[in-house]
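Trainee: I would like a close look at one part of this model, the open sheet. Please begin with the chain as a whole.

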Amino acid sequence: MKNLILSLVPIFAALGLGFGFIGTANISGTVKDKTTGEVIPFAKVSLEQKGISVKSVTSDFDGKYYFKEIATGTYNIKVSAIGYKTET
């Protein structure tokens with residue numbers, strides 16, 4: 001079974017009063033094959049806290065995913081795709 005790798009873009013937290021989203025952040029990245037570096041489209045990407053799934057999205061055709069306005073905190077990211085080993 002193949003392995004997945006996540007390419008994470010830094011978490012951007014909107015901390016200013018003018019933004020109106022105090023205490024939230026956006027998380028984005030790209031799901032790639034660990035060996036070949038090829039992007040993995042349509043992978044399920046989940047945010048988990050203490051083993052419980054908080055929110056899930058599907059990567060797009062280019063393997064990119066995006067979580068919008070997530071409460072700041074500590075999360076594990078779990079990725080699964082057909083033909084690949086699930087990675088956390």
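What percentage of the 88 residues in the chain is buried? After that, please take me through the open sheet of three strands.

Mentor: Buried residues make up 32% of the 88, where buried means under 20% relative accessible area, exposed over 50% and partly exposed in between, with a 1.4 Å probe and protein chains only. This is a predicted model, in which local features need pLDDT of at least 70, side-chain atom pairs count only at pLDDT 80 or more, and totals for chains, interfaces and linings use all residues. Residues are numbered from 1 along each chain as its sequence is written, and side-chain values use heavy atoms, without hydrogens or water.

The chain has zero helices and six strands; helices (H or I, at least four residues) and strands (E, at least two) are DSSP runs numbered from the N terminus.

Now the sheet. Its order is β4-β3-β6, with antiparallel pairing; two strands pair if DSSP finds at least two bridges between them. Because β4 and β6 (76-80) stand at the edges with a single partner strand each, one side of each has no neighbour in the sheet. From one strand to the next, the twist averages 25°, an angle between N-to-C directions on a scale from 0 to 180 degrees, with axes fitted to C-alpha atoms.

Strand β3 (residues 44-49) is joined to β4 by six bridges, and Gln 49 has Ile 52 as its bridge partner in β4.

As for confidence, pLDDT is the predictor's score for each residue, from 0 to 100. Among the elements of the chain, β4 (residues 52-58) has the highest mean pLDDT, 95, while β1 (residues 4-13) has the lowest, 47.
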